[in-house]
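Work through the exercises below with the sequence and the model open side by side. Each task is followed by its solution.

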Amino acid sequence: MTTVEINFDGLVGPTHNYAGLSVGNVASQTNFGETAYPRAAALQGLAKMRVVMDLGLTQGFLPPPMRPAADALRPFGFSGSDDEVLARAATEDLALFRAVCSASSMWRANAATVLAAADTADGRVHLVTANLAGMLHRSFEGPETHDLLRRVFRDQARFAVHAPLPSARHFGDEGAANHMRLASSHGSAGINVFAHGELRGGAFPERQSRRASEAVARLAGLADPLFALQNAKAVQAGAFHNDVVAVANESVLLTHPEAFEDAQGLYAALHGRLPSLHVVETQGVSLADAITSYLFNSQLVTLPDSAMALILPVEARENARVWAEVERIVAANNPISRAVVVDVRESMRNGGGPACLRLRVPVDEAARGGIDPRFLLDEARWERLTRTVEAHWPESIAPQDLTDPALWAQARAAHAALEQAIDA
């Protein structure tokens, strides 16, 4: 059976804001305290999903969890009604309160590591929910995401959805953002590459531990995974996830020359196992340009005619050096034949590009039948989601708005409307 890759994008939640919560994420830190535009952010994400659909590809979506998350505060001694819990936390521990207001689940590349059925021991697609232990605001997402993934990928004969690893820094797991799969096709047996950090010091934390990657590989029963150490220079420049400096799709690895500590060793190992591999190293793009433009945080997708397209943020086109490199890559002798530009500025200003917003899931026809169809987009579902966002998402959120009970009520109403739209 033919295997295709479905991109499941995170729908941006109604509390999207700029609280500067992500240490090591240059955009998140730079835009701390600015006014955010949740409605525009969600509509930009939906527009990107529509672009993918118009390219002839299957597109899914994953809804956000409830935020503010009053229940996440109760284990810390806050009690009372939801509003009482939120109000007390906002007064007594503002940083913790901001963490439970975050809409960071929009970046679904961090939802889980996805292991293709062709590679796993039992022939099922495995999704290992990420624990996101490295950042307080993201650490609350694991159990919610696990429940959501079980809801969406409901056929246990085709999918194995694993709970997050124990949430500890020694097992910090950031999901698909630090995992790459290379193969001759989505349905062929592939090479799973896990990029990881080390405790090497520096201003920015290295979030993905090798132990976590090894555990994920064992859970899925992978036969021969590769483990690649991230370049410390790239991490300290702001490449907090590997997908900020490298992206892979089928037989193509598009990468910055400084993405990996031992890049040449990795390339040699890949070439030895996949002779058709194309390693496309960029030329003349600095780490600073790569990180501000999110060139590598683009979606590299296989089109119905088997050519590949690079779905880039508009910031990549606005950087002359980066765009010149994009044009060179598209013109060169490799499968990447098209560049498609999308506007996801609201996400970009918080540190997430097109690739951050999506979780890639390879499925054959039988496995696709095991996905809850409410989370696969067609024209009618896309229109329904768009109308829901337009009607219920706040237009703007300034820093002081987070502590306003009226915003909490609006967010709850938006989530309720979204559930109705999903079930319609």
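**Exercise 1. Ser 306 and Leu 132**

Task: Locate Ser 306 and Leu 132, then state how each is placed relative to solvent.

Solution. Ser 306 sits in the loop that runs between strand S12 (299-302) and strand S13 (308-313). Helices (H or I, at least four residues) and strands (E, at least two) are DSSP runs, numbered from the N terminus. The model is predicted: local features need pLDDT of at least 70, side-chain atom pairs count only at pLDDT 80 or more, and totals for chains, interfaces and linings use all residues. Residues are numbered from 1 along each chain as its sequence is written, and side-chain values use heavy atoms, with hydrogens and water left out.

Next, the backbone: Ser 306 has a positive phi of about 80° although it is not a glycine. Most residues other than glycine have a negative phi, and most peptide bonds are trans. With 57% relative accessibility, Ser 306 counts as exposed (buried means under 20% relative accessible area, exposed over 50%, partly exposed in between, with a 1.4 Å probe and protein chains only).

Leu 132 belongs to the loop between strand S4 (125-129) and helix H5 (136-139). Its phi is also positive, about 50°, and Leu 132 is not a glycine. At 2% relative accessibility Leu 132 is buried.

**Exercise 2. A cis peptide bond**

Task: Which residues flank the cis peptide bond with omega near 0°?

Solution. The bond goes from Arg 67 to Pro 68. Pro 68 is placed in the loop between strand S2 (59-62) and H3.

**Exercise 3. Helix H16 and its partners**

Task: Describe how H3 and H15 pack on H16.

Solution. Two packed helices are described by the angle between their axes and the distance between the axes. Axes are lines fitted to C-alpha atoms, for helices over the stretch in contact, and angles run from 0 to 180 degrees between N-to-C directions.

Step 1: helix H3 (residues 82-92) and helix H16 (residues 405-423) have axes that come within 11 Å and cross at roughly 130°. That makes H3 oblique to H16 (angles under 35 degrees count as roughly parallel, over 145 as roughly antiparallel, 65 to 115 as roughly perpendicular and the rest as oblique). The contact (heavy atoms within 4.5 Å) is made by Asp 82, Asp 83, Leu 86 and Ala 87 of H3 with Pro 405, Trp 408 and Arg 412 of H16. By class, this contact of H3 with H16 has four nonpolar, no polar and three charged residues. Here Ala, Val, Leu, Ile, Met, Phe, Trp, Tyr, Cys and Pro count as nonpolar, Asp, Glu, Lys and Arg as charged, and the others, Gly among them, as polar.

Step 2: helix H15 (residues 379-392) packs with H16 at an angle of about 165°, the axes being 10 Å apart. H15 and H16 are therefore roughly antiparallel to each other. On the H15 side the contact uses Arg 384, Leu 385, Thr 388 and His 392; on the H16 side, Gln 410, Ala 413, Ala 414, Ala 417, Leu 418 and Ala 421. The contact of H15 with H16 has six nonpolar, three polar and one charged residues.

**Exercise 4. H2 against H15**

Task: Are H2 and H15 roughly parallel or roughly antiparallel?

Solution. Their axes come within 9 Å and cross at roughly 170°. H2 and H15 are therefore roughly antiparallel to each other. From H2, the residues that meet H15 are Arg 39, Ala 42, Leu 43, Leu 46, Ala 47, Arg 50 and Met 53. The residues of the contact of H2 with H15 divide into eight nonpolar, one polar and five charged.

**Exercise 5. An aromatic cluster**

Task: Which residues form one aromatic cluster with Phe 8?

Solution. Phe 153 and Phe 159 join Phe 8 in the cluster. The structure holds six aromatic pairs. In one of them, the rings of Phe 153 and Phe 159 have their centres 5.1 Å apart and their planes at 55°, so the pair is tilted. The rule: rings of Phe, Tyr and Trp (its six-membered ring) pair if their centres lie within 6.5 Å; planes under 30 degrees apart count as stacked, over 60 as edge-to-face and the rest as tilted. Phe 153 is buried at 2% relative accessibility, and Phe 159 is buried at 2%.
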